[in-house]
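Here are my notes on this model, point by point. Please read them with the structure open.

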Amino acid sequence: MRHSRSTSPAAAAAAAATVLVLAIAALSVFCEAGKTSAFVRKAEKTPDMPLDSDVFRVPPGYNAPQQVHITQGNHDGSAMIVSWVTEDEVGSSLVLYGTSENHLEFKAKGKAYTYRFYNYTSGYIHHCTIKHLKHDTKYYYAVGIGHTLRKFWFTTPPKAGPDVPYTFGIIGDLGQTSDSNMTLSHYELNPTKGQTVLYVGDLSYADDHPNHDNVRWDTWARFVERSAAYQPWIWTAGNHEIDFAPELGETRPFKPYNYRYHVPYKASGSTSPFWYSIKRGSAYIIVLASYSAYGKYTPQYQWLEAELPKVNRSETPWLIVLLHSPWYNSNDYHYMEGESMRAMFEAWFVKYKVDIVFAGHVHAYERSERVSNIAYTIANGLCSPVPDQSAPVYITIGDGGNIEGLATIMTEPQPAYSAYREASFGHAVLDVKNRTHAYYAWHRNQDGCAVEADSMWFFNRFWHPAPDSSASVR
Ligand SMILES: *[C@@H]1O[C@H](CO)[C@@H](O)[C@H](O)[C@H]1NC(C)=O
Ligand SMILES: *[C@@H]1O[C@H](CO)[C@@H](O)[C@H](O)[C@H]1NC(C)=O
Ligand SMILES: *[C@@H]1O[C@H](CO)[C@@H](O)[C@H](O)[C@H]1NC(C)=O
Ligand SMILES: *[C@@H]1O[C@H](CO)[C@@H](O)[C@H](O)[C@H]1NC(C)=O
Ligand SMILES: [Fe+2]
């Protein structure tokens with residue numbers, strides 16, 4: 001059932017007739033037409049949570065560590081980068097850690113950095129990589145000194161292997177409104193417990209405030225600490241990380257993001273923190289940069305060209321790509337923005353049988369069929385997406401709930417490649433079971449935490465390339 005908003009009954013009837021004709025045309029290619037959810041929620045923007053909100057509370061005590069967050073620290077998951085901020089003085093960059101809560105027997109020393117942005121001066125941003133961790137082990141760790149020591153814990157992933165079960169949360173474009181808080185709460189309360197967050201870019205939306213008020217970078221990190229200090233968030237850079245503001249004298253792109261969020265890019269032979277890869281459980285995750293050059297001969301292009309053949313599907317069957325600007329997006333918002341990157345890389349994704357591509361940017365949810373659009377040459381003019389069982393499913397999940405509100409206007413009719421779309425805030429969980437099966441579900445914030453608004457069983461493209469998207473099975 002297709003759904004159109006705010007049109008007159010006559011126009012709606014005419015549109016419905018057109019849609020019907022196109023839907024029948026689409027049916028000759030796709031067995032089942034896609035779905036535009038009729039779910040309607042308020043479309044107004046929500047402001048950022050006030051600075052004195054509970055979620056932004058500064059931990060008590062002089063120079064207490066705040067904004068604690070962790071991310072994978074090397075390629076195989078046996079290292080972790082621990083990051084935090086001290087506001088009053090530099091303090092200690094040590095992380096104490098161990099497998100017994102009351103005996104943190106190991107220590108590692110990190111480094112602290114500060115930066116200025118216009119008239120803002122950051123606190124001391126500490127980054128410390130702790131290495132040689134045992135797989136599949138719970139570690140306790142502490143940062144700070146004396147009476148402001150703060151303790152947290154995390155569990156390392158099992159050693160990479162083809163049938164290692166592992167659960168990923170997927171969140172994008174979160175921001176720091178009460179909708180953002182609801183998304184994070186729903187993720188935390190999801191009965192399928194995510195073990196790592198795949199974050200598809202656009203973090204704080206500080207740049208939506210006057211002078212890109214970098215205080216909002218600090219509040220955002222305090223807000224997500226309740227999750228990001230206990231499980232790694234895998235970072236992707238979005239356009240709201242660019243912070244390019246020549247009018248403020250700030251001309252170095254990604255400056256606040258680079259100081260605050262370190263990633264293990266060197267471990268995958270990357271020369272830039274914006275594109276890199278990690279192995280985690282049975283997944284190989286490639287992070288790409290929508291806002292760094294990707295044309296032929298560029299560093300990102302060369303890296304990806306060399307990277308894809310390295311993926312060993314016998315070790316990590318699930319090949320997942322994260323990027324910010326979606327390639328297949330039938331929302332009016334940011335329509336076609338991902339097109340030039342698609343033109344560069346899509347043929348590789350089909351050749352190497354990428355399982356899933358997660359993107360953000362568009363503040364709505366959309367899941368594609370398995371399609372590709374790689375036949376085109378200027379001479380043949382073949383430029384329509386076609387069903388392709390070697391192609392990834394494209395999921396846009398920029399619906400974390402930020403200050404800019406929902407993107408409610410869809411391009412009509414719904415293209416045949418689009419399996420499901422809806423403008424609601426939410427998050428998803430990908431529950432990898434073994435080398436052949438992974439269960440995926442998207443949850444909208446208005447529902448109870450266990451309710452799945454959209455779901456599918458993914459069949460691995462390397463081990464079990466049977467049709468799985470909704471066009472062909474159900
Ligand atoms: C930065 O400048 C703005 C005005 O341009 C002012 O409102 C704000 O208080 C200043 N912040 C600091 C930290 O000086
Ligand atoms: C954010 O969500 C948490 C957990 O549901 C709740 O305790 C807190 O009061 C919320 N804060 C705001 C400002 O919405
Ligand atoms: C791929 O991984 C499997 C399982 O870990 C291993 O036995 C095999 O040697 C690897 N292949 C290559 C080319 O490294
Ligand atoms: C993989 O997981 C699926 C779903 O849980 C299950 O049906 C299938 O039997 C599993 N395959 C193997 C080889 O265990
Ligand atoms: Fe974006």
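Helices (H or I, at least four residues) and strands (E, at least two) are DSSP runs, numbered from the N terminus. This is a predicted model: local features need pLDDT of at least 70, side-chain atom pairs count only at pLDDT 80 or more, and totals for chains, interfaces and linings use all residues. Residues are numbered from 1 along each chain as its sequence is written, chains are lettered from A and ligands numbered from 1 in the order in which they are written, and side-chain values use heavy atoms, with hydrogens and water left out.

1. **The cis peptide.** Pro413 sits in the loop between strand 22 and strand 23 (418–422). The bond that joins Glu412 and Pro413 is cis. Its omega is about -5 degrees.

2. **Helix 6, geometry.** Helix 6 covers residues 339–351, 13 in number. From first C-alpha to last it reaches 19 Å, close to the expected 18 Å. The expected span is 1.5 Å times one less than the number of residues. Look at Phe345: helix 6 bends there by about 50 degrees. The bend at a residue is the angle between axes fitted to the seven residues ending there and the seven starting there.

3. **Helix 6, packing.** Which residues of helix 6 are buried? They are Met341, Arg342, Phe345, Glu346, Trp348, Phe349 and Val350. Buried means under 20% relative accessible area, exposed over 50%, and partly exposed in between (1.4 Å probe, protein chains only). Phe345 is thus both the site of the bend and one of the buried residues. The buried residues of helix 6 pack against helix 5 (299–307), strand 17 (318–322), strand 18 (356–359), strand 20 (371–372) and strand 22 (393–397). Contact means heavy atoms within 4.5 Å.

4. **Two positive phi values.** Lys353 follows helix 6, in the loop between helix 6 and strand 18. Its phi is near 50 degrees, a positive value in a residue other than glycine. Lys353 counts as partly exposed because its relative accessibility is 30%. His361 is not a glycine either, and has a positive phi of about 75 degrees. His361 lies in the loop between strand 18 and strand 19 (365–368). At 2% relative accessibility, His361 counts as buried.

5. **Helix 2.** Helix 2 (residues 178–189) has 12 residues. It reaches 16 Å from first C-alpha to last, close to the 16 Å expected. At its start, a side-chain oxygen of Thr177 comes to within 3.0 Å of the backbone nitrogen of Asp179. Asp179 is buried, as are Ser180, Asn181, Thr183, Leu184, His186 and Tyr187. Among the partners of the buried residues of helix 2 are strand 12 (166–171), helix 3 (215–228) and strand 25 (437–444).

6. **Thr219.** Thr219 belongs to helix 3. Why does Thr219 count as buried? Because its relative accessible area is 1%. Leaving aside neighbours within four places in sequence, Thr219 is in contact with Leu51, Phe56 and Gln176. Arg57 is 162 residues away along the chain, yet the C-alpha atoms of Thr219 and Arg57 are separated by 8.4 Å.

7. **Ser53.** Ser53 is in the loop between strand 1 (35–36) and strand 2 (66–72). With 13% relative accessibility, Ser53 counts as buried. A polar atom of its side chain lies 2.6 Å from the backbone oxygen of Pro50. A polar contact is a pair of N or O atoms within 3.5 Å; within protein, one must be able to donate a hydrogen and the other to accept it, and residues adjacent in sequence count only if both atoms are side-chain atoms.

8. **Ligand 1.** Tyr118, Asn119 and Asn211 surround ligand 1. A residue is near a molecule or strand if one of its heavy atoms lies within 4 Å of it. The side chain of Asn119 has an N or O atom 2.3 Å from an oxygen atom of ligand 1. For Asn211, a polar side-chain atom lies 3.4 Å from an oxygen atom of ligand 1. Taken alone, ligand 1 exposes 360 Å², and the protein buries 30% of that. Accessible areas come from the Shrake-Rupley method with a 1.4 Å probe; for residues, only the protein chains shown count as cover.

9. **Ligand 4.** Lys433, Asn434, Thr436, His437 and Trp457 surround ligand 4. An oxygen atom of ligand 4 is 2.3 Å from an N or O atom in the side chain of Asn434. The protein covers 37% of the 360 Å² that ligand 4 has accessible on its own.
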